[in-house]
Amino acid sequence: MGKKLAVLDAPLMRLSPVDHYDVRAACSHLLILGTTGSGKSSATYKHAILAALKLGAGGLFCIAKPEDADAIRAYCAQAGRRDSLIDWDGRNGGFNVLAYELARTGNINDLIDMLSAMAEIVRGSGSDPGKAGDQFWKDSAQQLFKAAVPVVYGATGTVRIGDLLAFIRHAPSSPEEMQDPRWRTNSTFAQMFDAAAKRLRESPLPGFDVEAGQRAMDYWHEFSRLDAKTAGNIRISITTLLSRFESGLLRDALCGGVDLVPDLLMSGAIILMNFPVQIHGEDGAIAQKIFKFAAQKTILTRNSMPPPLRTRPIILGADECQNFLFRDAEFLAQCRSATTMVVFATQSLPTLYAKIGGDHPHDRAHHLASNFNNIVLHSSACGETNEWFARKLGRTLHLRQNFSHGQGGGQNYGLNMAESTNYGVNSSFGTTTSGGGGGSSHGTSSSSGTSSGGGDNWGRNRGSNSSWNNSQSWAEQSDWVIEPGFFARGLKTGGTAHGGRVTAIWFRAGASFAASNSNFLVVEFQQS
């Protein structure tokens, strides 16, 4: 246990003056995203692989392009690991997957599961992957393998693709045919059944006893009663899938001898699956998926192996990983205890959706990505990927400042003038009379007058006014830690324009970087 703990704490590369990426973090796996030309392969992927090889890790590498194989060879040379490299092109050694699986567990059911996986890989490796929800054909293949494999194993002592195909192709098409003596004499199916029954009478085989033989017989009786079209479709569907292993790369690499086995990874071997998809097409992808799947199954059992085979780190690398996906989410969730570091690189989330295909590709892609605790985003032109990554970094409170300034003024002028005139007339008149005693008097008086006047007045007024105002305010708002658009415009992509420097944002779930006091860090790599 002490040795394993020491291995887990071994540093792989420095991310900042105070932060290291060690084996413990690497066993939580690394997903690298970025558009073509962003520097993800020549920077983060390269340094992660190179660091693991320098530490002495075993390695398994999937190859999409011929230059990817050249890169792995160069990393092995740079790490001083040329002698550990197995440059496997399918012609310089074989991995008989069925013989290996049978020898590894001795369990027929494990062999049947492997055959079902191989059929599923072939079905899903075309340009238009089949729907995972097409359960009828998937279940039909599983049931047929359960009825065919034990019989072929009982008859021959092993299971080969050619024998299995011959057995299925000669299966009875009606109950009457099963009773026809001539058919029984000439049919490979009937001959294998008789040989298996004879062997079973002598002694049971592991995974093949009387009950297994009876179950197989019951299935083939039912199969012979199926509608001819349904039975024919099942037979053709399965034989078409398996017939790809009768020739070419798939036959040479996976159906010959057993010269190469995944167990070598535990001893420090570096296996380069050198059948690039760009050259070998679907067959190249199928061969790499099958060997990777077999290796993953073996890796998950390493803690039951002798102690010297349990502690050495193993790195599984796949640039352009969308070409090699098969049941990887389940493996990622379990392989941490097997000291296994997975490094996948691809362009974007939509790239994964397109390659996964079938039912619910969006959910399956996100299920896969959720098993990577380390996610590095290089320059990315994909809005969906950028927003998804921004959500991972989260939101925080930002202090927003608002400031306004205003100025105003005015002037006014006025002029007024007035004129007035007045005029008046007045008059009075009176008479008096008196008499008495012998005399009298009489008099009159009158007066009159006029008045007039006029005048004018004028005035002028002038005024002005002015005003100024300033206002300033602050508000707290929740917003992205890094807004999504930054990932498209703010990261260096290497080359002469940036002096060979590549920058990216490294996210780590469940831990903080000392340099940033956060779960993300801006990292820089120098291309060489």
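# A guided tour of selected helices and residues

Begin by selecting Asp163, Ala166 and Phe167 in helix α8, which meet Thr188, Phe189, Met192 and Phe193 in helix α11. Of the residues in this contact, five are nonpolar, one is polar and one is charged. The model on display is a predicted one.

**The helices α8 and α11**

Extend the selection to residues 161-169, which form α8, and to residues 188-202, which form α11. Two packed helices are described by the angle between their axes and the distance between the axes. For α8 and α11, the angle is about 115° and the axes lie 7 Å apart. Angles of 65 to 115 degrees count as roughly perpendicular, and α8 and α11 are therefore roughly perpendicular to each other.

**The helices α7 and α12**

Next, select residues 135-156 for helix α7 and residues 210-225 for helix α12. How do the axes of these two helices cross? The crossing is at roughly 130°, and the axes of α7 and α12 come within 9 Å. This angle makes α7 oblique to α12. The crossing of α7 and α12 is also left-handed.

To view the contact itself, display the side chains of Ser140, Gln143, Leu144, Ala147, Ala148 and Val151 on α7. On α12, the residues to display are Ala216, Tyr219 and Trp220. The residues of this contact between α7 and α12 comprise seven nonpolar and two polar ones, with no charged residue.

**Gln288 in helix α15**

Proceed to helix α15, residues 277-299, and select Gln288 within it. Is Gln288 buried or exposed? Gln288 counts as buried because its relative accessibility is 0%, and buried means under 20%.

Then display the residues that Gln288 touches, leaving aside those up to four places away in sequence. They are Phe61, Cys62, Ile63, Met273, Phe275, Pro276, Val277 and Phe324.

**Thr351 in helix α17**

For the final stop, select helix α17, which spans residues 349-356 and contains Thr351. The relative accessible area of Thr351 is 19%. The limit for a buried residue is under 20%, so Thr351 is buried.

Which side chain forms a polar contact with that of Thr351? Display Ser348: its side chain and that of Thr351 are joined by a polar contact of 2.9 Å. Gln322 and Thr346 may be added to the view, since Thr351 touches both when residues up to four places away in sequence are not counted.

Notes: Residues numbered from 1 in each chain as written. Predicted model: local features only at pLDDT ≥ 70, side-chain atom pairs only at ≥ 80, totals over all residues. Heavy atoms only, no water. Axes fitted to C-alpha atoms, helices over the stretch in contact; angles between N-to-C directions. Helix = DSSP H or I, 4+ residues; strand = E, 2+ residues; numbered from the N terminus. Parallel < 35°, antiparallel > 145°, perpendicular 65-115°, else oblique. Contact = heavy atoms within 4.5 Å. Nonpolar A, V, L, I, M, F, W, Y, C, P; charged D, E, K, R; others polar. Buried < 20%, exposed > 50% of the residue type's maximum accessible area, 1.4 Å probe, protein only. Polar contact = N/O pair within 3.5 Å; in protein donor to acceptor, adjacent residues only side chain to side chain. Left-handed = near helix turned anticlockwise from the far one by under 90°.
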